[in-house]
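Here are a few friendly notes to help you find your way around. Have a look at the picture below, and then we can go through it point by point.

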Amino acid sequence: MKAEFQLARGAFALDVALTVEPGEVVAVVGPNGSGKSTLLNLIAGLVRPDAGHLQLGGRDLLGTPPHQRGIGLLAQEPLLFPHLTVLANVEFGPRAQRRADHREIALRWLEEVDALALAGRRPRQLSGGQAQRVALARALAAEPELMLLDEPLTALDVDAAPAVRGLLRRVLRAQNRPAIMVTHDALDALVLADRVIVLEAGRIVEQGPARAVLTRPRSAFAARIAGLNLVAGTTVEGGLRSSAGVVIAGLGSAGVGEEGVAVFSPAAVAVHRANPHGSPRNALRVRLAGMEPHGDLIRLRADDGLAADITPAAAAELELEPGEQVWFVVKATEVGVHAANGGV
Ligand SMILES: Nc1ncnc2c1ncn2[C@@H]1O[C@H](COP(=O)(O)OP(=O)(O)OP(=O)(O)O)[C@@H](O)[C@H]1O
């Protein structure tokens, strides 16, 4: 997909050029009002730009109405047709395209999203996570050339989100169709996207591989949503082996032997001068590179990029100096281990 849009609407102006390669998943992040929804709506054909162009699979789409663009949308809410069964919902797209094999297509996609057993139910008989899986199957059954995802996990509760995130990752990766996802969640960007684009006031201010943008953010917004500790490596039973060979115990649904990432918040890190032997925690030996104020806390930065947020009192007590070796200690229950995409 290749797009360029200019749009002025009162005080808001959008000016964006964007190319998404086949099979590539791009996450769009940015502050409220930066134009993320407007960008998705321009691509979907729900908003018309003042100028620009949009090419998808060799077709020029700007004059094409939304339903003929071959673009699928997964919104925050599943928006299933309440009076139709799950199967009929998923069959809707291929039926509208007069595909003789609409039933087979629908069953295949329901199977793909682990929802075959739900085929005979009505949407009101589904949990939030089940409904979102069915909505994904419905979008993909129409075989769109491009998928748009608008905060697809936001409406799910914390128990349902990991399974749907894992499913999205599997399904999006298995596809050759490009996808663009708006999200406010650094983890979604990291796990699902190859590339992250940061939008501010209608313009792209930063873009790059998800891990690079989230660990070395250059824009203020990326810095705000990022700030997570990320350790790349290979998933092992109960954790991840970093590329430096250190095993970090954590929780997650990733399989074993996958390219992955361990994620934890700087606030979950305790800092010790000596190795707290015998503790059932992860202890990572690091060299301090710097210290800076971070809200009411002090952020310690290690030379491998890891960060720890500790109170000024704790920092004073430790009498830390840059260049010193210390231990960053974090409980396994505070570490998420995820299979990861792009640039990890
Ligand atoms: N229908 C509309 N008419 C006029 N202005 C609009 C309309 N919809 C959005 N805007 C304005 O356009 C700008 C971009 O809004 P948009 O919804 O695209 O941002 P967003 O990044 O998706 O924000 P959020 O994260 O809050 O969803 C905002 O200044 C908003 O007030």
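1. Let's begin where the two domains meet. In this predicted model, nine residues of domain 1 touch eight residues of domain 2. On the domain 1 side, helices α5 (161–174), α6 (186–192) and α7 (210–215) each bring at least two residues to this meeting place. What kinds of residues make up that side of domain 1? Five of them are nonpolar, two are polar and two are charged.

2. Now step back to the chain as a whole. Domain 1 covers residues 2–225, and domain 2 covers 229–339. Taken over C-alpha atoms, the centres of domain 1 and domain 2 lie 33 Å apart.

3. Next, find the open sheet built from four strands, which run in the order β2-β1-β4-β5 with antiparallel pairing. Why do β2 (12–19) and β5 (59–60) each have one side without a neighbour in the sheet? Both stand at its edges and have a single partner strand each, so one side of each stays unpaired there. As general background, strands of a sheet pair through backbone hydrogen bonds, in either a parallel or an antiparallel way.

4. One pairing is worth tracing by eye. Strand β1, residues 2–9, is joined to β2 by eight bridges in the antiparallel sense. To pick out one of these partners, start at K2: its bridge partner in β2 is T19.

5. Finally, look for helix α1 (residues 36–44), which packs on this sheet and touches β1, β2 and β4 (51–56). The direction of α1 makes an angle of about 120° with that of β1.

Definitions and conventions:
Residues are numbered from 1 along each chain as its sequence is written. This is a predicted model: local features need pLDDT of at least 70, side-chain atom pairs count only at pLDDT 80 or more; totals for chains, interfaces and linings use all residues. Two strands pair if DSSP finds at least two bridges between them. Two residues are in contact if their C-beta atoms, placed from the backbone, lie within 7 Å. Axes are lines fitted to C-alpha atoms, for helices over the stretch in contact, and angles run from 0 to 180 degrees between N-to-C directions. Domain bounds come from an automatic or database domain assignment. Ala, Val, Leu, Ile, Met, Phe, Trp, Tyr, Cys and Pro count as nonpolar, Asp, Glu, Lys and Arg as charged, and the others, Gly among them, as polar.
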